[in-house]
Amino acid sequence: MSIESKRSEALVYHAKPTPGKIKVVPTKKYATQRDLSLAYSPGVAEPCLEIEKNTADVYKYTAKGNLVAVISNGTAVLGLGDIGPEASKPVMEGKGLLFKIFADIDVFDIEVDTKDVDAFIETVKNIAPTFGGINLEDIKAPEAFEIERRLKEELDIPVMHDDQHGTAIISAAALLNALEITGKKIEEAKIVVSGAGAAAVSCTRLYKAFGAKAENIVMTDSKGVIRKDRDSLTVEKAEFATDRDLNELEDAMVDADVFIGLSMANLVTPDMLLTMSDDPIVFAMANPDPEIEYNLAVQTRKDVIMATGRSDHPNQVNNVLGFPFIFRGALDVRATGINEEMKMAAVKALAELAKEPVPEQVNIAYGETRLNFGKDYIIPKPFDPRLIAKVPPAVAKAAMESGVATEPITDWEKYEDELLERMGTDNKLVRLLLDRAKTNPKRVVFAEADHLDVLKAAQTVKEEGIAFPILLGRKDIILELMQEIDFDPSGIEIIDPKADEECERKNHYAKMYWEANKRKGITLYDAQRLLRERNYFAAMMVDRGDADALLSGYSRSYPTVVKPMLDLIGLAKGATRIATMNVMMTDKGPLFISDTSINIDPSSKELAKIAQMTARTVEMFGVKPIVAMISYANFGSSKHPSAEKVQDAVAYLHRYYPNLVVDGGLQMNFALNRRMRKDKFPFSKLNGKKVNTLIFPSLDAANSNYKLLSELNNAESIGPIMMGMNKPVHILQLGASVEEMINMAAVAVIDAQEKEKRERDLSLITKGVLQDLK
């Protein structure tokens, strides 16, 4: 994609369908006149009077306790510099989005049109009663230091300048672990800091809080080493000035144990890296390009422990590991500030989490067999679901112990449950899905690539590294559309099954199909005719290994597309039938729903098989399946055959798959409401667990429910995902959106990855058995 196309895509993303990235939504009922009279006049007067009598009740009756202001004057926005308050607003909205999806914190972004420190502080103080916390953002140094210091002194709510402290907290956790791995002590470590802005100063102060010695620290800026004999030093730079005989970064790097980069790209050369001590620790955190490129660093020094700010290398120092969870913990104990003890508690929690066994969901997301604490894993991954339950409690406890908590937590187990429940609002699964596909992209056939939306999806899949698309359809139309959307065709395989140039391959496929089916009434002519049809051609490509997976169904009905797949691909070994599953991204987390497209009225045994296949597919997403078998009757309360078949399916699963967490039949409300289930059915295997997988007794129930969720709740859907097929083939819903097709391409890639892994494992087992026999 050209620079202009990327620019256009970014602008469309922020402008359509609704300008901006965040909105305000009601949290109370408003359907009736009675509701409205309670929400506003006259009912609203009652909480107003209560708050007048006791100001602290504002937390009881309003959203203040979960509301943070992200405030900037636009003087130091990302890498863009002083672009002004209006131009900073997209960034502030983006910060608000991160607060919400990682910690369920609501945000108002506030852009203040002043560079005057006193005016800025006065503005924030005047609006502070609205908020439970203040996140200062993208304010240039040295003004940022004074603004944060004074606001912390003058306000009684948490205030944090994330540009300073976010990087400090995450890098400190990484540094503690890196030092532990190398067997070095922070008190003895020689540290070089490149950069002297807000982040560099805050990082260095925090390292000192953990034991780093001032005499072992050298800080540099654009003029070289910050020395005590330099004129006109700011207060902050003077704090870290050295009297050692060093002038340039190159001098400071000699025998250094640690390099902290918060400056600009490519400042560190391989020669500098070679002068560092044994087992050097290099955090090159300039974005988007680090002070020394990751691959260059690890090729230069095999013993280096390397971290960057980038997601495409190990050890990403990402602020999103910190600020959402720090504010979450501070808000939840109604802290009057964010102090050093709370920041240090966050550092320790992050450092400890990296040493714990990593959930399979995280391993899957990052394409790892097993992430283990070591030089390539010194800090948790941003999508680790344990962060929400690990960091906020540590911060909250530190707030209580240091005396700034005004609403202490007493039941920590309940608090952890509440934190985990909050993350139901997040759609991390989609991001994990895409990231996992990118770890080992596969060749995916887009069988209807002469449709604009299909081609747009293929373009994104190619440019994001999710898959290598193979485009089927009329070549002239595809090339014309590619030019229209600025999709570079170089390196892309484009195939028209009806074109003369494909005659040889088409006849080869046809002969193979005929050989396999000639005793089933198929003639060679029939095979040649069928292979002109793109879905038969695409299926044969996958079946014969000329492609790894395929997507089709955008422009044709489901039954017409599924037939070629069944004819050519067939069932996987051991599978007795196929089924489909849709993943629904709801505000309570992902729900896996089966069977949404294939089995009209499955028998009890078929229903059990569908449940078992679905559970295995859920595990492919790195999620432990908690399965409810849905019925209109709870636990055999009806003797109608449609209810009894669900009971029989559950009994079969309990007998033959005892390790699968499954129960039913259950009505939908009891399946999804843990409290109701526990009260009425305390014997259920599902008690104490959050159901994430729903198996419906018929096609009309499953299909209607997933489409109802999609339409009424705007729940994003991934699917239908084909289960039980011998090869990775997936059929889209008619008229699927570009986003749905991208997600399904990722599913197809992961399906191919899993099938490849199973074949490899089976091959290794077979070889082992043969060797044993010999």
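**Exercise 1.** Which residue in β19 is the bridge partner of F592?

*Solution.* Before we start: this is a predicted model, where local features need pLDDT of at least 70, side-chain atom pairs count only at pLDDT 80 or more, and totals for chains, interfaces and linings use all residues. Numbering runs from 1 along each chain as its sequence is written, and side-chain values use heavy atoms, with hydrogens and water left out.

Step one: find the strands (DSSP E runs of at least two residues, numbered from the N terminus). β16 covers residues 589–594 and β19 covers residues 693–695; they run parallel, joined by three bridges. Strands count as paired if DSSP finds at least two bridges between them.

Step two: read off the partner. For F592, that's T693.

**Exercise 2.** Work out which strands stand at the edges of the six-stranded sheet.

*Solution.* Start with the order: β18-β17-β19-β16-β15-β20, an open sheet with mixed pairing. β18 (661–666) and β20 (716–723) each have a single partner strand, so one side of each lacks a neighbour in the sheet.

**Exercise 3.** Take the salt bridge between R301 and D303 and say how covered each residue is.

*Solution.* First, the contact: their side chains meet at 2.9 Å, N to O. That fits the cut-off, a Lys or Arg side-chain nitrogen within 4 Å of an Asp or Glu carboxyl oxygen.

Next, the cover (buried is under 20% relative accessible area, exposed over 50%, partly exposed in between, using a 1.4 Å probe and protein chains only). R301 comes out buried at 8%, while D303 is partly exposed at 23%.

Technical notes:
Helices (H or I, at least four residues) and strands (E, at least two) are DSSP runs, numbered from the N terminus.
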